[in-house]
Amino acid sequence: MTSTYLGSRVDDIDAQMDRVASLIDSAGRIDRELAAGLGCNASMASVQVRIDTALANTESLLKAVRAATKK
Amino acid sequence: MAPRQSVVHEDRSPYETEAQFRERTGRSAWKRVPATEARLRNSRLREVQKNGGRPLKAANFEPKRVRKAKRKVLIRGYVGNKMADVKIELADRSEFFRNLRLVKLQRRKIAQEMHVLADRLRALQREVASIEHRVPTVDLALVDETRELVGDALKAAAAAADEFFVFSRQRIYYVKDLAA
């Protein structure tokens with residue numbers, strides 16, 4: 001039985017994304033430039049899409065690892 | 001009506017001379033005729049006389065003092081609006097400068113957290129890469145694909161984190177209308 005930290009890494013990243021989202025949300029109330037999206041040239045949506053696909057793939061890899069280690 | 005006789009004297013003027021006029025009417029041409037009651041009643045001036053001897057309101061400009069009073073009221077209203085605008089902008093400005101330090105702190109914090117996010121993605125990438133040594137029986141194509149996808153996500157997140165870092169280091173200026 002081999003243990004991996006894939007699941008906890010995914011949870012970490014999710015939590016961090018939540019944290020950044022809440023930070024930007026609260027800062028955007030007094031920061032107009034940030035609220036207008038001047039903080040970052042690339043839109044956060046595209047970054048989020050990439051992270052989401054990576055995390056989804058990681059989940060399927062985790063399933064495969066579990067199936068492989070069960071035998 | 002019969003055409004008037006001997007009014008036109010030969011070849012010079014279409015109008016009669018004063019002598020002709022005196023002969024015709026029996027009075028001097030330059031004396032005013034006394035205004036009788038019937039004359040006034042038939043006069044073209046009687047419309048004007050009805051209105052106290054003044055033209056109608058719509059026919060003329062208003063007198064100077066009325067104009068001045070009206071203009072003063074207009075100017076006062078304009079200045080009031082201007083003052084209100086300036087007051088609102090001043091309040092906006094002072095709020096901006098009150099929040100300035102907080103805005104700086106928040107921008108730095110967001111940049112830090114974006115870097116942390118990129119770090120965690122890097123950790124996930126390493127974890128995925130180490131799977132193939134830990135669990136040799138797993139599908140290697142899946143591992144490679146996952147590692148590439150995580151790498152893409154890492155690149156995007158790291159670039160965004162760098163941009164946020166630069167943004168947090170920029171000087172903050174007062175902007176009036178950027179976003180609603």
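**View 1. Helix 3 of chain A and helix 5 of chain B are roughly antiparallel to each other in this predicted model.** Helix 3 of chain A covers residues 44-70, and its axis comes within 8 Å of the axis of helix 5 of chain B, with a crossing at roughly 150°. Angles under 35 degrees count as roughly parallel, over 145 as roughly antiparallel, 65 to 115 as roughly perpendicular and the rest as oblique. The axes are lines fitted to C-alpha atoms, for helices over the stretch in contact, and the angles run from 0 to 180 degrees between N-to-C directions. Helices are DSSP runs (H or I, at least four residues) numbered from the N terminus. This crossing is left-handed (the near helix is turned anticlockwise from the far one by less than a right angle). Contact means heavy atoms within 4.5 Å, and the residues that meet here include A:Ile51, A:Ala54 and A:Leu61 from chain A and B:Leu149, B:Ala153 and B:Phe164 from chain B. By class, this contact has 15 nonpolar, five polar and three charged residues. Here Ala, Val, Leu, Ile, Met, Phe, Trp, Tyr, Cys and Pro count as nonpolar, Asp, Glu, Lys and Arg as charged, and the others, Gly among them, as polar.

**View 2. Helix 4 and helix 5 of chain B are also a roughly antiparallel pair.** Helix 4 spans residues 64-134 and helix 5 spans residues 140-169; their axes come within 8 Å and cross at roughly 165°. Helix 4 of chain B passes helix 5 of chain B in a left-handed crossing. Their contact is made up of 21 nonpolar, five polar and six charged residues.

**View 3. Inside chain A, helix 1 runs roughly antiparallel to helix 3.** Helix 1 of chain A takes in residues 6-27, and the axes of the two helices come within 10 Å and cross at roughly 160°. Once more, the crossing is left-handed. Among the residues making the contact are A:Val10, A:Met17 and A:Ile24 of helix 1 and A:Gln48, A:Leu55 and A:Leu62 of helix 3. Sorted by class, they divide into 11 nonpolar, three polar and two charged.

**View 4. Chain A and chain B meet, with 43 residues of chain A in contact with 42 residues of chain B.** Together the chains bury about 3800 Å², 71% of it on carbon and sulfur atoms. Buried area is the accessible area (1.4 Å probe) that two parts lose on being put together, summed over both.

**View 5. B:Glu113 takes part in a salt bridge with A:Arg19 and in another with B:Lys109.** A salt bridge is a side-chain nitrogen of Lys or Arg within 4 Å of a carboxyl oxygen of Asp or Glu. For A:Arg19 and B:Glu113 the N to O distance is 3.4 Å. For B:Lys109 and B:Glu113, the closest N and O atoms are 3.3 Å apart. B:Lys109 and B:Glu113 are four residues apart in helix 4 of chain B, so about one helical turn separates them. The rule finds five salt bridges across the interface of chain A and chain B, and the structure holds 12 over all chains.

**Notes.** Residues are numbered from 1 along each chain as its sequence is written, and chains are lettered from A and ligands numbered from 1 in the order in which they are written. Local features need pLDDT of at least 70, side-chain atom pairs count only at pLDDT 80 or more, totals for chains, interfaces and linings use all residues, and side-chain values use heavy atoms, with hydrogens and water left out.
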